[in-house]
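Please work through the exercises below with the sequence and the model at hand. Each task is followed by a solution in steps.

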Amino acid sequence: ADAHSSLLFCMNYIPGQSISNYLEEVRQYGQQTSKRVGRRFSDWTCPAKPDRLCIGMVSGDFREHSVGLFLENILANIDPTEIDLVAYPTHNRQDELTARIRPRFVDWKPLSDKSDEAAARLIHNDGVHVLLDLSGHTLYNRLPVFAWKPAPVQATWLGYSASSGVEEMDYLLGDPYVIPTDEEINFTEKIWRLPESYICYSPPQILVSVEPLPVLKKGGVTFGCFNNPTKMNDSVVALWSKVLHAVPGSRLFLKHKNFSNPAFRETTRQRFTAFGIVPERLIFEGFLLEEAHFAAYNRVDIALDPFPYNGTTTSVEGLWMGVPFITLRGDRFISHVGESIANNIGMADWIAVDEDDYVSKAVAHTADLEKLAQLRSGLRQRVLASPLFDAQRFARNFEAAMWGMWKHFIKAKGL
């Protein structure tokens with residue numbers, strides 16, 4: 001089961017991978033997972049008409065991780081008169097972020113030492129109304145627990161951008177951009193859309209100022225990408241090389257812990273050399289502590305979004321640091337994330353319809369440096385006022401979604 005889940009995760013990185021192929025594979029995962037369950041739950045103890053909903057969250061990432069960073073401000077703004085939150089961590093690692101969010105939960109019940117059946121019985125006995133998976137097919141997921149149906153309503157959200165395949169997973173939370181109506185057939189779950197964005201970022205605890213546009217000081221545009229280089233497939237390298245050729249004197253700044261390795265840097269140079277990009281046009285940076293990490297965005301004029309696996313955390317971090325990004329329109333959830341982020345901050349003109357348009361936008365947006373500098377100087381204020389950062393607004397939408405799912409359930413049951 002773990003190997004199959006890992007395969008599904010890896011399939012998201014492959015360019016040209018058909019959606020139907022993934023859907024077939026994920027359905028097989030769901031069928032096999034269901035077969036391993038003994039007697040799944042069909043009756044639950046939670047009250048049908050509660051004063052407050054009990055919402056359980058299953059995750060291995062209640063820590064300094066993308067999931068934790070997106071959760072923090074949301075949890076702080078959930079109305080405790082509407083919802084009780086219960087955490088079911090699947091991994092024991094804790095840090096400062098864990099310490100900040102733990103008080104937001106009425107209970108904290110680790111699952112790491114429990115079998116799938118024991119974990120399911122614990123959740124069932126807690127009387128959870130809606131159980132949320134925050135991992136999908138990422139590390140430390142406990143999707144097989146959901147196959148026991150420990151809660152009457154189960155949904156997957158935030159940690160993964162594709163179908164889970166689990167037959168007992170009722171919903172997947174998205175938004176109008178990441179899951180257009182004509183793409184609902186790509187999921188084994190029913191789609192529940194939040195009205196604006198399916199994510200809401202928590203601003204960093206430290207404050208790093210946005211500096212002036214780097215090209216105005218250094219000369220020569222600096223494009224950048226701070227994503228995991230696993231997303232940098234050959235199609236991405238080829239397109240980014242076209243961007244560098246189309247913008248004379250430009251360079252590409254790549255930052256990730258893997259670039260601390262000299263051999264990895266050399267391999268990456270060779271990949272770009274194959275497309276006529278000399279090594280001097282590439283800048284590498286490895287792991288940096290938080291403050292230095294955010295300060296590194298001050299060396300980037302425009303970020304380039306990879307595909308088919310778009311950036312998420314790095315894209316929003318960059319925007320907070322005044323760095324806009326160019327993204328390519330996709331054909332599935334994981335390739336629509338850049339579109340969702342751009343649309344939610346009113347920057348749809350940064351979404352390329354195809355690869356030629358991607359290059360054209362890079363040329364156009366670097367042709368007017370005064371306009372780009374003005375955008376940079378006001379971008380933080382712009383995104384802070386958007387659905388991507390407005391945690392109070394998001395929390396109300398989230399609460400409405402949880403209650404909506406529950407009311408749909410009790411109506412269907414005639415309760």
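The exercises that follow concern a predicted model and treat a histidine environment, a strand and the nonpolar cores.

**Exercise 1. Determine whether His336 is buried or exposed, and describe its surroundings.**

Step 1. Locate the residue: His336 belongs to helix α12, which covers residues 333-344.

Step 2. Assess its accessibility. The relative accessible area of His336 is 4%. Because buried means under 20%, His336 is classed as buried.

Step 3. Identify the polar partners of the side chain. The side chain of His336 makes a polar contact of 2.9 Å with that of Glu183, and another of 2.8 Å with that of Glu339.

Step 4. Complete the environment. Setting aside residues up to four places away in sequence, His336 touches Tyr177, Val178, Pro180, Glu183, Asn310, Gly330 and Asp331. Glu183 thus appears both in this list and as a polar partner of the His336 side chain.

**Exercise 2. Establish which strands pair with β2, and in what sense.**

Step 1. Examine the strand itself. Strand β2 spans residues 83-89, and seven of its seven residues are buried. One side carries Ile83, Leu85, Ala87 and Pro89, the other Asp84, Val86 and Tyr88, and both faces are covered.

Step 2. Consider the pairing with β1. Strand β1 (residues 53-59) is parallel to β2, and seven bridges link the two. Within this pairing, Val58 has Tyr88 as its bridge partner. The connection from β1 to β2 passes through helix α3 (residues 66-77) as a right-handed β-α-β crossover.

Step 3. Consider the pairing with β3. Strand β3 (residues 107-108) also runs parallel to β2, joined to it by two bridges. Here Ala87 is opposite Trp108. The chain passes from β2 to β3 through helix α4 (residues 96-101), and this β-α-β crossover is right-handed.

**Exercise 3. Describe the largest nonpolar core and state which helix gives the most to it.**

Step 1. Define its extent. The largest nonpolar core comprises 105 residues, and those with the most contacts inside it are Met57, Leu132, Trp157, Phe223, Trp240 and Met402.

Step 2. Identify the main contributor. Helix α15 (residues 391-413) gives the most to this core, namely eleven residues.

Step 3. Follow one of these residues. Beyond its neighbours within four places in sequence, Leu132 contacts Ile55, Gly56, Met57, Val58, Phe146, Ala155, Trp157, Phe398 and Met402.

Step 4. Distinguish the second core. A separate core of 29 residues includes Met11, Val128, Ala147 and Tyr160.

Note on methods:
Residues numbered from 1 in each chain as written. Predicted model: local features only at pLDDT ≥ 70, side-chain atom pairs only at ≥ 80, totals over all residues. Heavy atoms only, no water. Helix = DSSP H or I, 4+ residues; strand = E, 2+ residues; numbered from the N terminus. Buried < 20%, exposed > 50% of the residue type's maximum accessible area, 1.4 Å probe, protein only. Polar contact = N/O pair within 3.5 Å; in protein donor to acceptor, adjacent residues only side chain to side chain. Contact = heavy atoms within 4.5 Å. Core = buried A, V, L, I, M, F, W, Y, C linked by side-chain atoms within 4.5 Å. Pairing = 2+ DSSP bridges. Right-handed = clockwise from strand over helix to strand, strands pointing away.
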